[in-house]
Amino acid sequence: PEVCEYDDVKGTYLLGRDLLVSAFEPETVVPPGVWYEWATGRKVVGPCRDKPTMNGLWSGGLYVRAGAIIPTWPDVSHCAKGWNEKVELLVWPHEGDGETRFSLYEDDGVGLGYLKGESARTEIVATTRGGKTSVTVGERRGSFAGAGKVDFTVQIIKKGQGL
């Protein structure tokens, strides 16, 4: 919001703090920092304008910020609850040394109990030092109806690796 030139950018937006999306645009306006193209792993250093790699699946760009922690779940046919037993954390290491903190929020996904604090958070920290990245998953804090155990797996994305 503090960069006025972005007010005129159409079709490019941040989805949260770590995902940059451009839809149906020949160029993506990339904010400052190190970003990786999701599909190819190609490194992009902003601020700049970048031409996303086009293929049969993409008609725009999807970029992830260096240092990002992105939680993913297995495919499901419905969304009957706000949590999943299996969570994979995709971690893009920092360029150089750095630390990222992420809070995974969960609730029952069906009721309004979250308005009364019926939810849980799990703090996740990814630290890159000397070219090595470690991930720490904290304790789940809070509770909600139907909360079960969550198994975390971590995939650290190597430089140049796409998804």
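Select aspartate 50 to begin: in this predicted model, aspartate 50 is buried, with a relative accessible area of 10% (buried means under 20% relative accessible area, exposed over 50%, and partly exposed in between, with a 1.4 Å probe and protein chains only). Add arginine 42, which forms a salt bridge with aspartate 50, the closest N and O atoms being 2.7 Å apart (a salt bridge is a side-chain nitrogen of Lys or Arg within 4 Å of a carboxyl oxygen of Asp or Glu). Arginine 42 also meets glutamate 37 in a salt bridge of 3.4 Å, N to O. Arginine 42 is partly exposed at 28% relative accessible area, whereas glutamate 37 is buried at 3%.

Before moving on, note the conventions. Residues are numbered from 1 along each chain as its sequence is written, and side-chain values use heavy atoms, with hydrogens and water left out. Because the model is predicted, local features need pLDDT of at least 70 and side-chain atom pairs count only at pLDDT 80 or more, while totals for chains, interfaces and linings use all residues.

Next, select glycine 41, in the loop between strand E3 (28-37) and strand E4 (43-50) (strands, E, of at least two residues and helices, H or I, of at least four are DSSP runs, numbered from the N terminus). Glycine 41 is buried, with a relative accessible area of 5%. Within strand E4 lies proline 47, joined to glycine 46 by a cis peptide bond with omega of about 10 degrees.

Stay with E4 and select arginine 49, which forms a salt bridge with glutamate 27, the closest N and O atoms being 3.9 Å apart. Arginine 49 lies in strand E4 and glutamate 27 in the loop between E2 and E3, so the pair ties together parts that are 22 residues apart in sequence. Arginine 49 is exposed at 53% relative accessible area, and glutamate 27 is partly exposed at 30%. The model has 10 salt bridges by this rule; Arg17, Asp18 and Arg65 are linked in a network of them.

Turn to phenylalanine 24, in the loop between strand E2 (19-23) and E3. Its relative accessible area of 68% makes phenylalanine 24 exposed.

For empty space, select Pro93, His94, Gly96, Thr128, Gly131, Lys132, Thr133, Ile156, Ile157, Lys158 and Lys159, which line the second largest pocket. On a 1 Å grid over the protein atoms alone, a pocket is an open set of points with protein on both sides within 12 Å along at least five of seven lines, a cavity is a set where a 1.4 Å probe fits but cannot get out, and lining residues have an atom within 4 Å of a point. The volume of this pocket is about 160 Å³, counted as the space filled by probe spheres set on grid points joined across faces, edges and corners.

Which residues line the second largest cavity? Select Tyr36, Trp92, Pro93, Ile157, Lys158 and Lys159. About 40 Å³ of space lies in this cavity.

Finally, zoom out. The protein chain comes to 0 helices and 11 strands. Of its 163 residues, 37% count as buried, and the C-alpha atoms fill a box of roughly 45 × 35 × 35 Å, taken along the principal axes.
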